[in-house]
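Trainee: Could we go through this structure together, one question at a time, with the reasoning spelled out?

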There are 2 protein chains.
Amino acid sequence: AIMATIAAHFGPKRLSGKTAIVTAGPTHEAIDPVRFLGNRSSGKQGFAIAAALAEQGASVTLVAGPVALATPEGVRRIDVTSARDMAVAVAAALPADIAVMVAAVADWHVEAAGQKLKKSAAGPPVLTLIENPDILALTGHAPNRPRLVIGFAAETGDLLANAKVKLAKKGADWMIANNVSEGVFGTDANHVYFVTAAGTEDWGAGSKADIAERLATRIANAL
Amino acid sequence: AIMATIAAHFGPKRLSGKTAIVTAGPTHEAIDPVRFLGNRSSGKQGFAIAAALAEQGASVTLVAGPVALATPEGVRRIDVTSARDMAVAVAAALPADIAVMVAAVADWHVEAAGQKLKKSAAGPPVLTLIENPDILALTGHAPNRPRLVIGFAAETGDLLANAKVKLAKKGADWMIANNVSEGVFGTDANHVYFVTAAGTEDWGAGSKADIAERLATRIANAL
């Protein structure tokens with residue numbers, strides 16, 4: 001990893017002139033002015049990938065959900081809250097050469113109340129969920145689709161089978177699959193699989209920065 | 001505010017020998033291993049109150065939901081995730097002379113799934129909500145009730161009316177009411193009303209640290 005970092009700093013900028021969109025973090029779907037539906041993504045893996053691509057000379061737009069992370073050097077950051085906001089920001093950032101969709105986008109939003117929900121004798125309120133736009137699938141099937149569309153699949157079971165299904169359905173070139181029952185949320189480590197139509201590679205356990213550098217190198221090789 | 005800070009540092013420790021429980025932050029109620037129901041509390045007001053009470057010499061137990069804040073000096077911190085965890089931690093911290101319940105405790109938890117919920121042809125899942133323990137009411141009505149039980153009421157409408165209802169129903173001595181439609185979440189400023197059976201005082205707009213110091217002084221005057 002140290003050699004890769006040195007190489008990235010002093011070596012040729014292999015992604016100069018290329019544009020990339022990276023999404024990161026969770027989305028928050030408002031239930032009322034106070035409450036939301038969220039998820040445990042910290043944004044660290046996506047921010048590391050945005051940093052690694054920028055390090056290689058790519059012009060990176062990072063569309064970030066609500067996270068407490070500093071913007072990587074040289075990266076243009078757009079902050080969003082909901083999946084619908086994120087879909088709009090990603091569409092506005094097209095065209096691009098590369099899209100890496102790392103954000104844990106909520107599958108559903110809630111029919112939100114304008115006023116804070118109150119406890120009532122009638123019992124707990126009913127939350128009506130509505131499907132969100134699928135940002136990875138929209139990007140993978142867009143008329144101005146990036147040359148390389150990469151998705152992340154966070155799964156708690158049937159990891160590789162689910163990742164392969166998503167690869168095809170979402171029009172992605174590559175999927176990075178990780179098992180989120182292993183407690184990766186908020187930590188600096190991850191264990192991922194690199195899934196393409198050609199097969200699956202176990203990238204083993206590594207820091208989120210290591211995985212980001214490996215992916216950036218792979219992207220540079222492919223473009 | 002500067003004079004108050006100096007006085008707190010160099011003046012007599014007016015709460016020496018007293019014990020306090022402070023709750024702060026949101027709670028997260030798991031929907032599945034990845035998703036949760038949350039709220040926009042940053043924990044800043046509760047942490048400021050814990051710091052102000054410790055500054056006055058109180059022995060403070062801070063029961064904190066998931067927040068990204070440093071523990072104030074001299075404060076014993078217990079981290080929790082859900083409202084049910086927080087209720088257990090508060091009960092375990094009793095008896096105490098003072099309880100200041102600042103946390104934005106979720107009113108409901110969700111019948112949580114052991115596996116990550118998936119999109120399905122059957123449409124969005126139904127989230128069944130279940131009422132959480134009311135930590136303020138349990139504390140206000142506990143057999144070993146603190147001498148001073150103080151609650152926070154975050155409201156988007158009928159601020160003072162709602163706060164007065166809560167004061168009586170929850171067995172609290174004082175309520176601090178704030179209008180959360182004014183965008184206080186995550187910021188350092190707040191505008192609160194101090195509500196007791198005797199009446200209501202508008203404390204005006206101030207920093208969360210100022211409000212914490214004013215409340216600590218009020219507590220010291222009352223004990």
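Trainee: In this predicted model, in which loop of chain B is the place of Asp158(B)?
Mentor: To place Asp158(B), we look at the elements on either side of this residue in chain B, which are a strand and a helix. The strand covers 148-155 and the helix covers 159-169, and Asp158(B) belongs to the loop that joins them, between β9 and α5.

Trainee: What is the phi of Asp158(B), and what is that of Asp158(A)?
Mentor: Most residues other than glycine have a negative phi, and most peptide bonds are trans. Asp158(B) departs from that pattern, since its phi is positive, near 45°. In chain A, Asp158(A) is found in the loop between β9 and α5, and its phi is also positive, near 50°.

Trainee: Is Asp158(A) buried or exposed, and what is the relative accessible area of Asp158(B)?
Mentor: A residue counts as exposed when its relative accessible area is over 50%. Asp158(A) has a relative accessibility of 62%, and therefore counts as exposed. Asp158(B) is exposed too, with a relative accessible area of 60%.

Trainee: Which peptide bond of chain A is cis, and where is Pro95(A) found?
Mentor: The bond to look at runs from Leu94(A) to Pro95(A), where omega is near 0°, and that bond is cis. In chain B, the peptide bond from Leu94(B) to Pro95(B) is likewise cis. As for its place, Pro95(A) is found in the loop between α3 (83-93) and β6 (98-101).

Trainee: How are chain A and chain B related, and which C-alpha of chain A is nearest the axis?
Mentor: Chain A can be superposed on chain B by a rotation of 180° with 0.0 Å of shift along the axis, and the RMSD is then 0.0 Å. The two copies are thus related as by a two-fold rotation axis. In chain A, the C-alpha nearest that axis lies 2.3 Å from it and belongs to Leu37(A).

Trainee: Why can we say that the copies meet through the same surface, and how many residues of chain A are in contact with chain B?
Mentor: Of the interface residues of chain A, 100% are also interface residues in chain B, so the copies meet through the same surface. On each side we can then count the residues in contact with the other chain, and for chain A, as for chain B, the number is 31.

Trainee: What area is buried between chain A and chain B, and which residues of chain A lose the most area?
Mentor: The size of an interface is often given as the accessible area lost when the parts come together. Between chain A and chain B this buried area is about 3,100 Å², and carbon and sulfur atoms give 57% of it. On the side of chain A, the residues that lose the most area together make up 21% of what that side buries, and they are Phe36(A), Trp108(A) and Lys119(A).

Trainee: How many salt bridges are there between chain A and chain B, and which strand of chain A gives the largest share of the side that touches chain B?
Mentor: Between the two chains the count is 10 salt bridges, and one is formed by Lys118(A) with Glu155(B), whose closest N and O atoms are 2.7 Å apart. β3 (35-39), β8 (129-131), β9 (148-155) and α5 (159-169) of chain A each supply at least two residues of the side that touches chain B. The largest share of that side is 5 residues, and it comes from β3(A).

Trainee: Is Thr27(A) buried or exposed, and which backbone nitrogen does its side chain reach?
Mentor: Thr27(A) is in the loop between β1 (19-24) and β2 (29-30), and at 0% relative accessibility this residue counts as buried. Its side chain makes a polar contact with the side chain of Glu29(A) at 2.8 Å. The side chain of Thr27(A) also reaches, at 3.1 Å, the backbone nitrogen of Ala106(A).

Trainee: In which strand does Ile150(A) lie, and what is its relative accessibility?
Mentor: Ile150(A) lies in strand β9 of chain A. Leaving out residues up to four places away in sequence, Ile150(A) touches several residues, including Leu136(A), Trp174(A) and Ile219(A). Ile150(A) counts as buried because its relative accessibility is 0%.

Terms used: Residues are numbered from 1 along each chain as its sequence is written. Chains are lettered from A and ligands numbered from 1 in the order in which they are written. This is a predicted model: local features need pLDDT of at least 70, side-chain atom pairs count only at pLDDT 80 or more; totals for chains, interfaces and linings use all residues. Side-chain values use heavy atoms; hydrogens and water are left out. Helices (H or I, at least four residues) and strands (E, at least two) are DSSP runs, numbered from the N terminus. Buried means under 20% relative accessible area, exposed over 50%, partly exposed in between (1.4 Å probe, protein chains only). A polar contact is a pair of N or O atoms within 3.5 Å; within protein, one must be able to donate a hydrogen and the other to accept it, and residues adjacent in sequence count only if both atoms are side-chain atoms. Copies are superposed by least squares on the C-alpha atoms of residues with pLDDT of at least 70 in both. Contact means heavy atoms within 4.5 Å. Buried area is the accessible area (1.4 Å probe) that two parts lose on being put together, summed over both. A salt bridge is a side-chain nitrogen of Lys or Arg within 4 Å of a carboxyl oxygen of Asp or Glu.
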